[in-house]
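Dear colleague,

I am passing on to you the structure below, and after it you will find an account of what came out of a first reading. Please keep the structure open beside the text as you go.

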Amino acid sequence: MDLSYTPEQEATRKTVRAWLKQNLPKRDRNDETLEYGDAARTAKAKAWQRKLYQAGYVAMGWPKQYGGHDADVMTQTIVNEELVLARAPGLIGMMGVQMVGPTLMKWGNEEQKQRYLPKILTADEIWCQGYSEPGSGSDLASLKTRAELVGDEFIINGQKVWTSSAQFADWMFCLVRTDPAAPKHRGISYVLIDMKTPGITVRPLIQMTGDAGFNEVFFEDVRVPRKNLVGELNQGWQVANSTLAHERNMLGSTTRTQQMFNGVLRIAQTRQRYGRRAADDPVMRQRLADVQIRVEAMKLHSYRQLTDAVKGRPPGIGASVNKLVSTELNHDMASLAIELLGSYGPLARNAKHVNERGIWPWEFMFTLGMIIGGGTSQIQKNIISERGLGMPRQ
Ligand SMILES: Cc1cc2nc3c(=O)[nH]c(=O)nc-3n(C[C@H](O)[C@H](O)[C@H](O)COP(=O)(O)OP(=O)(O)OC[C@H]3O[C@@H](n4cnc5c(N)ncnc54)[C@H](O)[C@@H]3O)c2cc1C
């Protein structure tokens, strides 16, 4: 493992930093969250992704033929680090860029790649993920949304739930049951659904953060062309798992975790607790040391993953480790920040005596969702123990 940067990599970092200084949109409270609600906010977020793409900083690792730059892993990492350090708004089309895009590159046919990939990059088409159903979350393969192949069309009936961004998404990558008689993992297909198709109803659900981050989606005789099938009929489980591995890596960002830690440390160094700087309080010092050790361990784990990626080694269970460790750590740090802020710490964004614009209670609730979304911590532990450590299946 080589922890130093080459002169070229340092130059890239400087270029990205300078570009961000010039181009970062003026921030408002909403940019700090990843949720999108009203049309103006969605338009602003799309414009930001487009600008970033035009500058060459979206999906840099994608092949040139699909709109990427064939950039190496280190360049992508440097750009991502700079984006997070500059506190740039997240990509509104993140599920396209980080989940369905890479999946289509592996499993899609050429027509699908040409049709969908360019619009993912420019945020002209936003995607949502139709996996979970009432009763099928951790046990995803038990999903019941039925797709019947009639001639050249699937006719889809059923319901999805917790579908993030469905209220403004243009497309959904969706798991449907195409063979109810087959064993549960073998009767599933992966289809792409235009969200404007008649028969689709989207109902927003309000999360405890107060944002409508996710939705219920109902399908009543929704007709989807057979050409929207990705991979083989009834082989969607393999395709779905490709997407899930990308999702876990997306949710486990080390840089965001480090940035959160810096925020917690800043509070500890500037706020008072029992008549002295909070950072000098022995109990708080111990709590800070605990999270800092975990942040450092996570950083070193990510370097190990980076080394694997640079050397072309398969990622193994690293994505699950990332997801498990970072989401729990982020939640613990939000909790610590609220405690450091004292009695007013838990006040929400619109409260009169709110601290730090209410971002920490928001983070506390949001990160709890992240522990669940993309496969809960318990499920990640099952994956790590069974596939990583070779322990017996439960
Ligand atoms: C913020 C957020 C965004 C989301 N976005 C999307 C989205 O865009 N698209 C989408 O399809 N889904 C989305 N989800 C849904 C998410 O994938 C599911 O909530 C998750 O997989 C858990 O499923 P469940 O809620 O049905 O819980 P359940 O599966 O019912 O689990 C309940 C509890 O039992 C535990 N448990 C279950 N099985 C096991 C086991 N085998 N071993 C040990 N413990 C177990 C779980 O860990 C959990 O604590 C989102 C969820 C959240 C919170």
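There are 19 salt bridges in this structure, which is a predicted model, and a few of them are described here in turn. In one of them, the side chain of Lys-160 meets that of Glu-133, with a distance of 2.8 Å from N to O. This pair links distant parts of the chain, since Lys-160 belongs to strand β3 whereas Glu-133 sits in the loop between β1 (127-130) and β2 (146-150), 27 residues apart. Both partners, Lys-160 and Glu-133, are buried.

Another salt bridge brings together the side chains of Glu-339 and Arg-287, at 3.1 Å from N to O. Here too the pair links distant parts of the chain, with Glu-339 in helix α9 (residues 318-340) and Arg-287 in helix α8 (residues 282-310), 52 residues apart. Glu-339 counts as partly exposed because its relative accessibility is 35%, which lies between the 20% and 50% limits, and Arg-287, with a relative accessible area of 29%, is likewise partly exposed. Elsewhere, salt bridges that share partners join Arg-13, Arg-17, Glu-81 and Glu-82 into one network.

A further salt bridge is formed by Asp-280 and Arg-285, whose closest N and O atoms are 3.9 Å apart; the pair still counts because the cut-off for a salt bridge is 4 Å. Asp-280 is partly exposed at 34% relative accessibility, and Arg-285 is partly exposed with a relative accessible area of 47%.

Glu-339 also appears in the surroundings of Arg-273, a residue of strand β9 (residues 272-273). Leaving aside residues up to four places away in sequence, Arg-273 touches Ala-278, Asp-281, Met-284 and Glu-339. Is Arg-273 buried or exposed? Its relative accessible area is 18%, and because buried means under 20%, Arg-273 is classed as buried.

Strand β3, already mentioned for Lys-160, spans residues 153-161 and includes Glu-153. With a relative accessible area of 27%, Glu-153 is partly exposed. What does Glu-153 touch, if residues up to four places away in sequence are not counted? The contacts are Glu-148, Arg-223, Val-224, Pro-225 and Arg-226. For one of these, Pro-225, the separation from Glu-153 is 72 residues in sequence, while in space the two are 4.5 Å apart from C-alpha to C-alpha.

The remaining part concerns the ligand, which is surrounded by 19 residues, the closest being Ser-132, Ser-138, Trp-162, Thr-376 and Gln-378. Two helices, α10 (359-372) and α11 (377-388), each supply at least two residues of this shell. By character, the shell residues divide into six nonpolar, 13 polar and no charged.

Backbone atoms of the protein take part in polar contacts with the ligand: a backbone N or O atom of Gln-129 lies 2.8 Å from a ligand nitrogen atom, and a polar backbone atom of Tyr-131 is 3.0 Å from a ligand oxygen atom. Ser-132, one of the closest residues named above, has a backbone N or O atom 2.7 Å from an oxygen atom of the ligand. Of the 970 Å² of accessible area that the ligand has on its own, the protein covers 68%.

With best regards

Technical notes: Residues are numbered from 1 along each chain as its sequence is written. This is a predicted model: local features need pLDDT of at least 70, side-chain atom pairs count only at pLDDT 80 or more; totals for chains, interfaces and linings use all residues. Side-chain values use heavy atoms; hydrogens and water are left out. Helices (H or I, at least four residues) and strands (E, at least two) are DSSP runs, numbered from the N terminus. Buried means under 20% relative accessible area, exposed over 50%, partly exposed in between (1.4 Å probe, protein chains only). Contact means heavy atoms within 4.5 Å. A residue is near a molecule or strand if one of its heavy atoms lies within 4 Å of it. A polar contact is a pair of N or O atoms within 3.5 Å; within protein, one must be able to donate a hydrogen and the other to accept it, and residues adjacent in sequence count only if both atoms are side-chain atoms. Accessible areas come from the Shrake-Rupley method with a 1.4 Å probe; for residues, only the protein chains shown count as cover. Ala, Val, Leu, Ile, Met, Phe, Trp, Tyr, Cys and Pro count as nonpolar, Asp, Glu, Lys and Arg as charged, and the others, Gly among them, as polar.
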